[in-house]
Amino acid sequence: TTIPKPQKRDFGDKYTWVMSPRWFDGRDYLALDTGGGPLPRLWATAKNGLVDIGYIKSTGNSVKITLPKTALKPEVEFEWKIPRWSNALERDRARTYFQAYAAACGLYFVEQALKELYAGRTTTWSEFTVPEEGLGCGFHEAVRGVLSHHLVIRDGKIANYHPYPPTPWNASPRDIYGTTGPYEDAVQNTPIFEENGPDKFKGIDIMRAVRSFDPCLPCGVHMYLGKGRVLKTRHSPMFGMMK
């Protein structure tokens with residue numbers, strides 16, 4: 001939990017509210033790059049060569065996506081190939097391919113769900129018991145990349161909880177080891193083609209690179225002001241979808 005204490009921005013010291021999560025691989029503290037989601041997701045899928053669900057097939061160096069014929073459109077096939085570079089253009093290009101990838105996955109998942117439904121297997125969750133003490137973490141896929149949840153349980157209640165969405169990884173500032181986050185790493189040494197002078201400088205070349213990560217800065221900063229008051233408490237295990 002961060003207790004805010006606003007100070008003057010200092011680009012040589014504290015210059016952002018975004019945290020700097022790092023992944024320790026046994027030797028180095030890595031500033032992992034989720035690439036805005038689609039680029040690394042397609043890249044990993046292509047390289048592993050394990051996915052073959054009919055509509056999607058990974059070949060080892062590409063991902064083939066097949067969308068079936070519809071009432072108005074014929075069958076169409078796309079193939080995303082691993083690019084030579086990881087840059088703003090490739091992040092945006094991967095996002096376009098990922099629309100077809102997501103549609104193909106969605107169709108496959110619906111078909112599998114219907115098979116389960118027709119077979120009478122309608123259970124959607126498993127019984128569980130909350131432990132008195134415990135540590136837990138879960139890794140999931142969010143639109144912009146990996147999303148992890150970490151919590152501590154004491155006396156059968158959540159004592160501490162923290163999420164790490166994709167943006168804290170991508171937008172993280174330099175850490176104590178001098179390692180820059182993916183945004184900073186992406187814009188360093190970027191040629192500036194903008195012709196505006198200092199007074200009207202927009203930073204379009206810099207923002208083009210940053211926006212290719214699909215930033216969500218509200219996910220990058222988590223603060224608790226304290227001394228608040230509860231306006232309304234409601235327990236809704238089904239997120240309000242069932243009455």
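1. D214 makes a convenient starting place, since this residue is partly exposed, with a relative accessible area of 24%. The residue sits in the segment after α5, and its phi is near 60 degrees, which is a positive value in a residue other than glycine. Please keep in mind while reading this and every later point that the model is a predicted one.

2. N189 can be read alongside D214, because here too the record of backbone angles deserves a look: N189 has a positive phi of about 65 degrees although it is not a glycine, and N189 is exposed, with a relative accessible area of 80%. In the chain, N189 lies in the loop between α4 and α5.

3. Turning to the overall layout, the chain has five helices and eight strands. When the sequence is followed from its beginning, these elements come in the pattern β-β-α-β-β-β-α-β-β-β-α-α-α, so that a student can trace the order directly against the structure, given that helices and strands are numbered from the N terminus.

4. How much of the chain is buried? Of the 243 residues in the chain, 26% are buried, and the accessible surface of the chain comes to about 18000 Å², with 57% of that surface belonging to carbon and sulfur atoms. As for contacts with a separation of 6 or more, residues 24 or more positions apart account for 51% of them.

5. In soluble globular proteins, nonpolar side chains tend to be buried together. In this model the largest nonpolar core has 15 residues, and those with the most contacts inside it are L42, I56, V63, I65, W80, Y101 and A104. Two or more residues of this core are given by each of the elements α1 (38-48), β4 (62-67) and α2 (88-118), and α2 gives the most, with six residues. There is also a second, separate core of five residues, which includes V18, A171, Y183 and F213.

6. V63, one of the residues with the most contacts inside the largest core, is worth selecting in the viewer. Leaving out residues up to four places away in sequence, V63 touches L42, T45, A46, I56, K57, F78, E79, W80 and Y101. Among these partners, L42, I56, W80 and Y101 are also named with V63 in the list of residues with the most contacts inside that core.

7. R41 is found in helix α1 and, at 14% relative accessibility, counts as buried, because the cut-off for a buried residue is under 20% relative accessible area. R41 and F98 are 57 residues apart in sequence, yet their C-alpha atoms are 9.0 Å apart in space. With neighbours within four places in sequence set aside, R41 is in contact with F98, E141, A142, V143 and G145.

8. Which residue is the nearest side chain of opposite charge to E194? That residue is K202, at 7.1 Å, and E194 is buried yet has no salt bridge; this follows because a salt bridge requires the charged atoms to lie within 4 Å. E194 is found in the loop between α4 (182-187) and α5 (204-211). Its side chain nevertheless reaches two backbone nitrogens, that of K202 at 2.6 Å and that of I204 at 3.2 Å. Apart from residues up to four places away in sequence, E194 touches K200, F201, K202, G203, I204 and D205.

Notes. Residues numbered from 1 in each chain as written. Predicted model: local features only at pLDDT ≥ 70, side-chain atom pairs only at ≥ 80, totals over all residues. Heavy atoms only, no water. Helix = DSSP H or I, 4+ residues; strand = E, 2+ residues; numbered from the N terminus. Buried < 20%, exposed > 50% of the residue type's maximum accessible area, 1.4 Å probe, protein only. Contact = heavy atoms within 4.5 Å. Areas by Shrake-Rupley, 256 points an atom, 1.4 Å probe, with all protein chains shown as cover. Lys, Arg positive; Asp, Glu negative; His and termini not counted. Polar contact = N/O pair within 3.5 Å; in protein donor to acceptor, adjacent residues only side chain to side chain. Core = buried A, V, L, I, M, F, W, Y, C linked by side-chain atoms within 4.5 Å.
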